[in-house]
Amino acid sequence: MPGFYLPIEHQLSILESLRKKAEASLSKRPPGHLTIQKSGHTYQYLYRPTQNTRRQYVRKSNMPFVRDLAQKEYEEAFLREAAKERARLLKAQSKSHACSASFMYHALAAPYEKLSSERKSLITPYVLPDDEYIQAFLNTPYEHKGFDKDFPVIETENGERVRSKSEKIIADKLKALGIPYLYEYPLKLSRLGWVHPDFTMLDIRERILVILEHFGKMLDPDYVSWNMRKMENYIEDGYIPGDTLLSTFEGGPHVLGVSCLDKQLKERFF
């Protein structure tokens with residue numbers, strides 16, 4: 001497990017926000033129970049208003065009602081799991097200020113993960129399983145910076161275009177280590193406005209983002225001055241060097257230190 005854990009107080013805050021959202025949504029759902037039966041290549045939906053009433057078919061034209069019922073039953077299960085997870089976190093808090101958020105996320109994803117594929121298609125989950133969360137992160141839509149017409153074409157093993165051979169080395173290392181990342185994903189800093197960090201990586205265990213900046217022109221005074229300001233603004237905005245902010249350097253005879261990069265990534269993510 002990595003040595004970088006979300007504070008339990010922060011986890012409890014996340015949990016409380018999700019719990020309130022689920023409770024507010026649940027209060028608007030209809031009573032009753034939904035049964036789903038497969039019939040040939042399609043599904044039938046049956047509704048039972050109470051335990052003592054007979055089940056009745058729900059027409060396909062009334063799918064919003066079916067989704068409401070499915071969402072209601074998911075939210076009930078989610079809230080039961082949230083209550084158990086809150087009790088566990090409060091107990092852990094009496095012994096330590098931090099622990100891995102992976103336990104919380106795995107527990108909260110379970111009510112969705114246990115559902116059949118048909119029920120999953122009917123609901124909107126509050127917490128996704130790791131694999132689906134990673135896929136959603138990788139599919140995040142955003143506008144890339146683009147390249148000048150005569151800029152050399154350098155592609156990573158993922159098939160994306162980067163600006164230098166060193167960035168290709170970094171991207172390929174992230175791929176080899178299984179660390180999900182987005183290249184030049186835009187980020188708004190408080191003082192400098194929109195910037196494009198070289199790599200925005202996902203720590204799936206804690207579900208937080210980690211920035212990796214490669215400073216490749218360290219002999220250029222203007223470049224160094226700008227990036228010193230940017231690093232200061234990262235820190236002012238809560239990015240912590242060695243935790244949520246990693247960096248590599250290059251310039252003149254000094255090339256990218258691959259072993260240093262490898263050490264940073266393995267200490268941070270594994």
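Three short exercises on pockets and cysteines follow, each with a worked solution.

The model is predicted: local features need pLDDT of at least 70, side-chain atom pairs count only at pLDDT 80 or more, and totals for chains, interfaces and linings use all residues. Residues are numbered from 1 along each chain as its sequence is written, and side-chain values use heavy atoms, without hydrogens and water.

**Exercise 1.** Characterise the largest pocket.

Step 1. Fix the term. A pocket is an open set of points on a 1 Å grid over the protein atoms alone, where a 1.4 Å probe fits, with protein on both sides within 12 Å along at least five of seven lines; lining residues have an atom within 4 Å of a point.
Step 2. Take the volume, the space filled by probe spheres set on the points. It is about 470 Å³.
Step 3. Find the centre. Of 19 lining residues, Arg163, Glu167, Asp198, His214 and Tyr223 are the closest to it.
Step 4. Assign elements. H7 (221-236) and strand S10 (208-215) each give at least two lining residues. H7 has the largest share, four residues.
Step 5. Sort by class. Nine are charged, five polar and five nonpolar.

**Exercise 2.** Repeat for the second largest pocket.

Step 1. Its volume is about 190 Å³.
Step 2. The lining includes Leu6, His10, Tyr105, Glu206 and Arg207.
Step 3. Helix H1 (residues 8-26) supplies the largest share, three residues.
Step 4. Nine lining residues are nonpolar, two charged and one polar.

**Exercise 3.** Classify Cys99 and Cys260, then count disulfides.

Step 1. Apply the cut-offs: buried is under 20% relative accessible area, exposed over 50%, partly exposed in between (1.4 Å probe, protein chains only).
Step 2. Cys99 has 15%, so Cys99 is buried. Cys260 has 45%, so Cys260 is partly exposed.
Step 3. A disulfide needs two cysteine sulfur atoms within 2.5 Å. The count is zero.

How values were computed: Ala, Val, Leu, Ile, Met, Phe, Trp, Tyr, Cys and Pro count as nonpolar, Asp, Glu, Lys and Arg as charged, and the others, Gly among them, as polar.
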